[in-house]
Structures are given as C-alpha cells and as structure tokens.
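Student: I have a model open here and would like to talk it through with you. Could you take me through it step by step?

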Amino acid sequence: MILAQLEEWLELPMQILGFIWLGLLVLELTKGLSRPLAIASTAIWVAFLIDFAIRLTLAPDRRQYLRHNWLTALSLVVPALRVLRVARAFRVLNAARAVRGLRLVKVVGSINRSMNALRRSMRRRGFGYVAALTLLVLLAGSAGMYALERDAAGGGIGNYGSALWWTAMILTTMGSSYWPITAAGRVLCVLLALYSFGVFGYVTASLATFFVGRDAHASDGEIAGASDFDKLRTEIAALTREVHALGRRGAVGPPT
C-alpha cells in the first residue's frame, strides 16, 4: 500500500528525470558533457538511486522486486563506477572491452528506464506510443553505437550522423553495409534488430487492421463488418421468434 502510494507521488517527477537523463546520456556519448551538465547528470543519478533504494526497502518481496528490476539496478551501478574512478583504472589497464561493456550496460539500462517512463506516461496508446518509443530507441541506440564503434580498429562509425543513419536502417530492417566490429557493438546491434522485428510486426498488423476495417465499413466491401453482423444477429433473432411461435401453435393443435 505504501509502495503504491509512493509510486503515485513519484511517477511524474521520475518520468521527467528519465527523459532528461536519456538526453544527457546521448549528449555525453556523442559530444561529452560540460561541468554543469555533468553535475546535473550525477544529481539525477543520485535521485534515481534514492528512488530505487526506497522502493526496494518498501517492497513486500525484495528478491522478487530485484528480479523484475535487475536491469535498472545494473544501470545504476555503472555511474557509481565512474564516480569511484573504477573506469579510469580500466583505462590504465587498457581494458577497452570492459569500458565498452560498461557503456553498453548504461545505454541499455537508460533506454529501459526511458521506455518504462514513456509507457507510464502514454499508457500504451497504440501507434503513437510505438512511434515515440522507436524515436527514443533511435536516438539512444545511435549514441550508444557511435560511442562503442568510433574507436574500433579497422573501421568504425565516424560521427553521430552516420550512427543515426545506420541505426535507422537497422530499425527499418533494411540493413547496412557496415557491421559492428566490437563485441559490445554487436550485442547492441542484436538488441536493436530484435526490437525492429517486433515493431515491424506491430506496424504490419496495425496497417492490416486499418485496411481491413476500412473495407469492412464500405457497403460494397468483400469483408463483413460490425454492421453486417448486427443485421445478421437481428435476422437470426427474428427467425428464432418465428420458430418459437410456430412451435407453440403446433403444441396447441387444431381446434375441434
């Protein structure tokens, strides 16, 4: 009860901070953050951390809450590594794969948080929700791919514009001549491809429903619509009443 009331109070502020956090992430991965923006990003992360700790404390079953929100918890750990300068230690050890792995977790976790905020704000309102979600995935996925692949040996994505084009081609299932070189980039590519397959199926079903519905409402359409079924039900009900009336007459019999 307390957790539900807390979620109701914090829903709108956390949604707004989630979108701001995603915008700062895109800026950080593409151009870097100035000192004021870096402080703002850290402050939002602290707010997320406090929010998650309170929800975990008030949850009736903490293990179940962690199982359902493990990706959120993991994404909150990555900024802590940056604050504790662990990422710098990775760079000193020339562990480029570990740094890319941390970036991948942060990108996926941030997209997941923003997806949840978008779902709560739009209440899954059909095609508009899917379009907004796809735009979110496009911007954040492009930033993540650019950050993971720009320093890759033997190629890479040179700028954010190229990353946007590449991600758009993946999301439209058209593909591209460039394929990721780093392991983290390949994982992100697979996740984007899986999302694109799901969205493509939804868009196809929505378009089919639209055209079928329009054909059903047409008087000369080949597909029966709701009005046709209403007429059929009315006729069946009239025939049923007539059959019952005839049955009652037969039971009474001819007059003597």
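Tutor: Let us start with a term we will need: helices here are DSSP runs of H or I with at least four residues, numbered from the N terminus. Please keep in mind that this is a predicted model.

Student: Fine. How many helices and how many strands are there in the protein chain?

Tutor: The protein chain has ten helices and zero strands, so that, read from the N terminus on, its elements run α-α-α-α-α-α-α-α-α-α.

Student: What share of the residues counts as buried?

Tutor: Of the 256 residues in the protein chain, 32% count as buried. As for the outside, the chain exposes about 15,900 Å², and carbon and sulfur atoms supply 66% of that area.

Student: Let's look at H2. How far apart are its end C-alpha atoms, and what span should it have?

Tutor: Helix H2 covers residues 35-58, which is 24 residues, and at 1.5 Å a residue it should span 34 Å; the end C-alpha atoms lie 35 Å apart, which agrees with that expectation.

Student: Which residues of H2 are buried?

Tutor: The buried residues of H2 are Ser41, Ile44, Trp45, Phe48, Asp51, Phe52 and Arg55. Two of these deserve a further look, since aspartate 51 forms a salt bridge with arginine 55, with their closest N and O atoms 2.8 Å apart.

Student: Where do aspartate 51 and arginine 55 sit relative to each other in the helix?

Tutor: Both lie in helix H2, four residues apart, which is about one turn of the helix. Aspartate 51 and arginine 55 are both buried, and the structure holds one salt bridge.

Student: And threonine 42, is that buried, partly exposed or exposed?

Tutor: Threonine 42, which also lies in helix H2, counts as partly exposed because its relative accessibility is 27%, and the class in between runs from 20% to 50%. Its C-alpha atom is separated by 9.5 Å from that of tryptophan 21, although the two are 21 residues apart along the chain.

Student: Changing topic: which residues have the most contacts inside the largest nonpolar core?

Tutor: That core has 32 residues, and Val137 and Trp166 are those with the most contacts inside it. The elements giving two or more residues to this core are helix H1 (2-30), helix H6 (96-122), helix H7 (126-149), helix H8 (160-171) and H9, and the largest share, twelve residues, comes from H7.

Student: What is tryptophan 166 in contact with, leaving aside its neighbours within four places in sequence?

Tutor: With those neighbours set aside, tryptophan 166 is in contact with Met145, Ser176, Tyr178, Pro180, Cys189 and Leu192. Apart from this core lies another, of ten residues, among them Met14, Trp21, Trp45 and Tyr65.

Student: Back to the surface, then. Which residues form a nonpolar patch there?

Tutor: Val187, Val190, Leu191, Leu194 and Phe197 form one, and together they have about 470 Å² of accessible area. Phenylalanine 197 has its place in helix H9, residues 183-217, and it is exposed, with a relative accessible area of 54%.

Student: What about glycine 198, buried, partly exposed or exposed?

Tutor: Glycine 198, which lies in helix H9, counts as partly exposed at 46% relative accessibility. The C-alpha atoms of glycine 198 and leucine 171 are separated by 9.9 Å, with their positions 27 residues apart along the chain.

Methods:
Residues numbered from 1 in each chain as written. Predicted model: local features only at pLDDT ≥ 70, side-chain atom pairs only at ≥ 80, totals over all residues. Heavy atoms only, no water. Expected span 1.5 Å × (residues − 1). Buried < 20%, exposed > 50% of the residue type's maximum accessible area, 1.4 Å probe, protein only. Patch = residues over 30% accessible without salt bridge, like charges linked within 9 Å, V, L, I, M, F, W, Y side chains within 5 Å. Areas by Shrake-Rupley, 256 points an atom, 1.4 Å probe, with all protein chains shown as cover. Salt bridge = Lys/Arg side-chain N within 4 Å of Asp/Glu carboxyl O. Core = buried A, V, L, I, M, F, W, Y, C linked by side-chain atoms within 4.5 Å. Contact = heavy atoms within 4.5 Å.
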